[in-house]
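Please find below my notes on the model you sent round. They are set out as numbered points, to be read with the structure open.

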Amino acid sequence: MPAVSKGDGMRGLAVFISDIRNCKSKEAEIKRINKELANIRSKFKGDKALDGYSKKKYVCKLLFIFLLGHDIDFGHMEAVNLLSSNKYTEKQIGYLFISVLVNSNSDLISLINNAIKNDLSSRNPTFMNLALHCIANVGSREMAEAFAAEVPRILVAGDTMDSVKQSAALCLLRLNRTSPDLVPMGEWTTRVVHLLNDQHLGVVTAATSLITTLAQKSPEDFKTSVSLAVARLSRIVSSASTDLQDYTYYFVAAPWLSVKLLRLLQCYPPPEDGAIRGRLTECLETILNKAQEPPKSKKVQHSNAKNAVLFEAISLIIHHDSEPTLLVRACNQLGQFLQHRETNLRYLALESMCTLASSEFSHEAVKTHIETVINALKSERDVSVRQRAVDLLYAMCDRSNAKQIVAEMLSYLETADYSIREEIVLKVAILAEKYAVDYTWYVDTILNLIRFAGDYVSDEVWYRVIQIVINRDEVQGYAAKTVFEALQAPACHENLVKVGGYILGEFGNLIAGDSRSSPLIQFDLLHSKFHLCTVPTRALLLSAYIKFINLFPEVKGTIQVVLRSDSQLRNADVELQQRAVEYLRLSCIASTDILATVLEEMPPFPERESSILAKLKRKKGPGNLHPDLDENRKERSVNGGTADHSSTTSNAKVFASPTTSTDLLGLGSTIATQNSAPPASKGASLLVDVFSGNTAAFPVETPVAVGPVADENFSSKRRHQWSLFKTLACSQQIALVKGTLVTSLLYAEGLLVSWFVCKNNGVLYENQLLQIGLKSEFRQNLGRMYVFFGNKTSTQFMNFAASVGWPCTAPYCAFFLTVSLQLNVHAKPADPTVDGGAQLQQILNIECVSDFVDAPVLNIQFRYGGTLQNIAVKLPITLNKFFQPTEMTSLDFFQRWKQLGAPQQEVQNIFKARHSMDTEVTKAKIMGFGAALLDGVDPNPFNFVGAGVIHTKTTQVGCLLRLEPNTQAQMYRLTLRTSRDTVSQRLCDLLSEQF
């Protein structure tokens, strides 16, 4: 056993620790610990009163046993008794034990609080420091409630010693972080700002940390700190290292305080006062000048401290973005770090230059370093530095260097790390589209993307190239020729087959005049890839084949042979089988004119911003895209036009935070609905008994009339699908009666489902014949929906059938799928007849397997007066229906909020209020959405905070939401954080529509 020196005050503790270390097995350790626990328990329960030394020794042993991982269920009272001791060592051990072992629910909290109050009111600075440290270490809500008013008083008191002021400032900072709603903003807030003038730099450092945090929450209350911070910073940067000897770190004067002051100044815009602004500019110039001086020490600590101040100063220069000279100097300074031998400096330089590229003053200066950045991309060994180099190339790109940067990115893509390939693909696709003067170059670039990294080319990328080709006549022939040549390679990526199938199906006739690309050769080329593709691609190719029949009648027989084959007509996949059967039948019974109408070229898509940019924003997270999203620096060309971002800019002004993009899905387009519904028919009260007199609360929506007039209101994809349905109806002599044949039109996004996001009951659909009402209930991942069909006529409905399916999202597909991997819906059979004026009920049992976006579609068929009626209505089954509310305390909420801080876990939306901003209505909608409304959690009483859990069969997803209304601007900011990014986005989309 090692010897114990006489200086060790607790020999028994040292012996016990030595015995534990000498144990040969776990069993021996437990035996020794149990023996010691029994001894301590007997000492505490003995008749003889223990002196302070013995209590301290035994409490220390208990603390050591607890740190070894064993439970301690006694000794707390003895530790509390040590707090009343007048000896520092005994009081210190008591506070240490309490900080580690006592929780906020303990019965001893009141005794502990009394002891802390006694120490805070004492004049002993040592005891006051111990008490403040304990409050900060525990940091519970109970501690905040008890001392949130006392700590500020100690901080600003004139007779408080410097060491106590430091502890008080840091303690208040901790309380503000754990319970911001309990820290009062009062008279002390103006006095704490003046601590920046304190003679003790330790006090200034602690106060700066506190003021920075408080200024982020209440900028107006602390705006006077700007002038004081500039004055203090000026004194530091202009002083010699010998002037601040106690706070000089390797020849750098007060580096930590300098960094904190620079961060505080980043909470505010540039000073309006000319003198203060000039003094701040001098400080920043001095910091930049000192960075150019030869190092005063070769030790790494000197360069680290010096560079820490420099990078923070550059961050402030970028934040102000108002001094062209400083911005250019900062850029040049960072350029020197691009080839520094220290990896961390190269990384930080690239990251800072990404932000500098967003400034109109420094963008050209950043572009001068393009060769250095390209060299870093090729030669850098650290993948994180290479990723920052990609970001910087993306940020500095404009029309003058777009082709060079895209070419370098494509070249690097062949050898890039797998972790960043998808991001590079997205950025190349965005740059190629944004700066494409010649769209033949754009087509070549996207095809090269697919060749080099086909597995990382998302659907958004190849959707977008198809959209652009369809919208631009001048590039269609070139695109068809290019994809035809690309498909001739022995091995083609499946995404290339998709693009080729789509473009040749639409524009193959433009190259059919060349004998090398005759119709039959085109078909044989596509069909040679058929057996190698997955089901969705095969479905697309089948649609391309039926298009070929319209474009090239001479290959009709060849294609019909393929469609008639057993591998198609008896395919195990229901989607392929259905397409083959329907396309074959269509090609046989339809005349040439009908085929030309049904299979005409896709009309131009609406000009919209690229969905690829939205995907990149989601991948990088809000605030992480730096210059590439700065709409004020460079023009934002969308398909050759300029996008209007006025609404985004106004949103940023209202909330003073990074804006988030709206959904920019290039191919998705919602139905334009009518502003007002027609008057309800006389049968509108048919389902009133179902909803207990609350029918009026649910507006009766009449779908847009179906027929030629309605075509103008729908997206191009929907028009094409409607064209196919009209022709199929004609070929089967089905009468198209206004309002009686409703197909794919009614399940478009946002038509009726939004009414039911926060409600479970209501009238889903109504026309002259039929009324459909719903009543539903959900619990965890299960739900049950009662669907009521009301016959509003006096004639019986015959052959009545109602089934549930899902809209097919594949190109050209206008049909329904019968299964979904995310949602199980079982519909009980309904009676085949509905008498006139009668009501029929059908029960749907629902199970959520995993998070989903697309809701199922209720398909209704019946005969009325000899005419077949078809109605398809999207069921209001949305992800939030499986939301279970969760009650949380303020502490638990903010702890969980911080845990969900990854960029991909947060989705934020800033939008204009569509309805009156009534507080009670907003509360009702949030609770109806499924979240628990948490009162008193948000520091701003006008904000709304909610929490809940999305239950699915496979997992549970915790969800936190915060809704911030701005009544003056009539706008909202909605923030959602969940453990799954797809859930965050979907819930944000659903809830945003309600306000």
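The points below cover the cores, two helices, a set of strands and the contacts of aromatic rings in this predicted model.

1. Nonpolar cores. The largest nonpolar core holds 189 residues, and Ile116 and Val192 have the most contacts inside it. Setting aside neighbours within four places in sequence, Ile116 touches Tyr95, Ala131, Cys134, Ile135, Met143 and Phe147. There is also a second, separate core of 59 residues, with Phe778, Ile860, Phe882 and Phe911 among its members.

2. Helix α14. How many of the 11 residues of helix α14 are buried? The count is eight, so the helix, which spans residues 255-265, is largely enclosed by the rest of the structure. The buried positions are Pro255, Leu257, Ser258, Val259, Leu261, Leu262, Leu264 and Leu265. Their packing partners are the helices α12 (201-217), α13 (225-238), α15 and α16, together with the strands β1 (248-249) and β2 (252-253).

3. Helix α17. This helix covers residues 324-337, 14 residues in total. From the first C-alpha to the last, α17 reaches 20 Å, close to the 20 Å expected at 1.5 Å a residue. Its buried residues are Leu326, Leu327, Ala330, Cys331, Gln333, Leu334, Gly335 and Phe337; the list thus includes Gln333 and Gly335 as well as Leu326 and Phe337. The buried residues of α17 pack against α15 (274-292), α16 (300-320), α18 (343-356) and α19 (363-367). Helices α15 and α16 also appear among the partners of α14.

4. Strands β6 and β7. Strand β6 (residues 761-766) runs antiparallel to β7, and five bridges join the two. Glu766 faces Gln771 in β7 across this pairing. The connection from β6 to β7 is a hairpin through three residues. Strand β7 is mostly covered, with seven of its 10 residues buried.

5. Strands β7 and β8. On its pairing with β8, β7 (residues 770-779) is again antiparallel, here over 10 bridges. Which residue of β8 stands opposite Glu777? It is Arg784. The two strands form a hairpin with two residues between them, and Gln780 in that turn has a positive phi of about 55°.

6. Strands β8 and β12. Strand β8 (residues 782-791) is mostly covered, seven of its 10 residues being buried. Besides β7, β8 pairs with β12 (residues 839-848), in the antiparallel sense and over nine bridges. In this pairing Leu782 stands opposite Glu847 of β12.

7. Aromatic pairs. Over the whole structure, 23 aromatic pairs are found. In one of them, Tyr249 with Tyr250, the ring centres are 4.9 Å apart and the planes meet at 75°, so the pair is edge-to-face. Are these two tyrosines buried or partly exposed? Tyr249 has a relative accessibility of 28% and therefore counts as partly exposed. Tyr250, at 29%, is also classed as partly exposed.

8. A phenylalanine pair. Phe548 and Phe552 are likewise edge-to-face, at 5.3 Å centre to centre with 80° between the planes. Phe548 is buried, its relative accessible area being 0%. Phe552 counts as buried too, because its relative accessibility is 3% and the cut-off for buried is under 20%.

9. A ring cluster. Five aromatic residues are linked by ring pairs into a cluster: Phe789, Phe797, Phe800, Phe862 and Tyr864. When viewing strand β8, note that its range of residues 782-791 takes in Phe789.

10. Charges over rings. Arg41 lies over the face of Phe74, 4.1 Å from the ring centre. A further case is Arg472, whose charged end sits over the ring of Tyr439 at 4.6 Å from its centre.

Conventions:
Residues numbered from 1 in each chain as written. Predicted model: local features only at pLDDT ≥ 70, side-chain atom pairs only at ≥ 80, totals over all residues. Heavy atoms only, no water. Core = buried A, V, L, I, M, F, W, Y, C linked by side-chain atoms within 4.5 Å. Buried < 20%, exposed > 50% of the residue type's maximum accessible area, 1.4 Å probe, protein only. Contact = heavy atoms within 4.5 Å. Helix = DSSP H or I, 4+ residues; strand = E, 2+ residues; numbered from the N terminus. Pairing = 2+ DSSP bridges. Phe/Tyr/Trp six-rings, centres within 6.5 Å; stacked < 30°, edge-to-face > 60°. Lys NZ or Arg CZ within 6 Å of the ring centre and 35° of its normal. Expected span 1.5 Å × (residues − 1).
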